[in-house]
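Here is a friendly walk through the model on your screen. Keep the view open as you read, and rotate it whenever a new part comes up.

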Amino acid sequence: MRPGRGLFVCLLILLGACASSEPSRVRGTGTGPHAGLMGEIWIVHDPDERIARALAPFDDGWESAGAVGRWRRSGLRLVRVPLEQLRALRSSLTTGGQVSVRPLGEVPAWTEFFEGQDLSEGGVRLDSGFVALDPGRPRLLVRAWSEPRIDGGEVVGQIRVEMVPQHHLGSRDSRQIQFVPIQETPVVDEGLVFERLLLSLPVRTGEAYLVVGEAPEVDWHRLIEEPAEPEAETPAGKSDSTTSDGEVSGDVRFPRSPGSMRPTLGEALLNAASYTVGSRDERAVIVLIPPAPAPYSLLGG
């Protein structure tokens, strides 16, 4: 075999080996105990608008004209809280509740992060109006990756987070609000994706991002000016909206939407227990915590 032909064959063999191996991902590198995005789910017992009163000081109408505004008008209220205040806020809201912590890191594929309960109202309110839906569950998909940013003349890494709600047509046999373990699986074809509500954020260091289910007509700032109403007592042996044999009595409450008996998408996702038999006033709060800034490298760690 001629030398030139032999070299050509060797190159083909090497290229074939590279093509058959798992492709490497180009990403920024981080340092520290959690070199990536952190996620938390707070389950809050909220009979007296505790969440609204606690988060009203942070509700500054941020980016109300863009995708964040469309989220807000669809019942998904996004607020930013300084990290130095997050621990005290968590403690005040989750007394007797549940906190789930999950390191997200980088998840470039759409991933199921949180799923609500069965939607029994036949549809939800969006910023564009009411939309009828088949039986299923609302859920939130998330993906995140690092990207470069110039900070003081130095290239550092920041995390970009994208979130989009989806109406999942699957059937999970549970009546509880669920925190779903992160799994990199193709999920976008498992139901209706609300593409108009795709949210893409370059999250900033030093702030936590909280997502709350709240009707757009609820004014948190007005609530903090009013005294909190005492929690109503339920007679012993009787639930708010069930009979002794467990049947619905017809007075299931919809406490989060004073302007409509139809829940918004955000309420159906995160306040699911408020729309079910017994009206337990449990609400879920999604918390995303960016990592500390780190040098950015295309070579990986």
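Let's begin with two strands: β1 (residues 37–45) and β13 (residues 282–289) pair in the antiparallel sense, over 8 bridges. One pair of residues to look for is His-45 and Glu-282, since Glu-282 in β13 is the bridge partner of His-45. Please keep in mind that this is a predicted model.

On to another partner of β1. Strands β1 and β3 are also antiparallel, and 7 bridges join them. Here Gly-39 has Arg-102 in β3 as its bridge partner. How much of β1 is buried? Of its 9 residues, 8 are buried, and the strand is mostly covered.

The two pairings side by side:

| Strand pair | Sense | Bridges | A bridge pair |
|---|---|---|---|
| β1 and β13 | antiparallel | 8 bridges | His-45 and Glu-282 |
| β1 and β3 | antiparallel | 7 bridges | Gly-39 and Arg-102 |

Now for the wider sheet. These strands belong to an open, antiparallel sheet of 5 strands, ordered β2-β12-β13-β1-β3. At its edges are β2 (76–82) and β3 (98–105), each with a single partner strand, so one side of each has no neighbour in the sheet. On average, neighbouring strands here are turned by 20° against each other, direction ignored. Helix α4 (residues 83–93) packs on this sheet and touches β1, β2, β3, β12 (207–213) and β13. The direction of α4 makes about 120° with that of β2.

Next, the nonpolar cores. In general, nonpolar side chains of soluble globular proteins tend to be buried together. Which residues touch the most other members of the largest nonpolar core? They are Val-161 and Met-163, in a core of 37 residues. Helix α6 (residues 265–270) gives the most to this core, with 4 residues. A second, separate core has 24 residues, including Val-79, Leu-86, Val-212 and Trp-220.

Met-163 is worth a click of its own. Leaving aside neighbours within four places in sequence, Met-163 is in contact with several residues, among them Trp-71, Trp-110, Leu-140, Leu-199, Val-211 and Leu-288.

Finally, zoom out to the whole chain. It has 6 helices and 14 strands, and 45% of its 301 residues count as buried. Among contacts between residues at least 6 apart in sequence, 79% join residues at least 24 apart. The chain exposes about 15700 Å², with carbon and sulfur atoms supplying 54% of that area.

Note on methods. Residues are numbered from 1 along each chain as its sequence is written. This is a predicted model: local features need pLDDT of at least 70, side-chain atom pairs count only at pLDDT 80 or more; totals for chains, interfaces and linings use all residues. Side-chain values use heavy atoms; hydrogens and water are left out. Buried means under 20% relative accessible area, exposed over 50%, partly exposed in between (1.4 Å probe, protein chains only). Contact means heavy atoms within 4.5 Å. Accessible areas come from the Shrake-Rupley method with a 1.4 Å probe; for residues, only the protein chains shown count as cover. A nonpolar core is a set of buried Ala, Val, Leu, Ile, Met, Phe, Trp, Tyr and Cys residues joined through side-chain atoms within 4.5 Å. Two strands pair if DSSP finds at least two bridges between them. Axes are lines fitted to C-alpha atoms, for helices over the stretch in contact, and angles run from 0 to 180 degrees between N-to-C directions.
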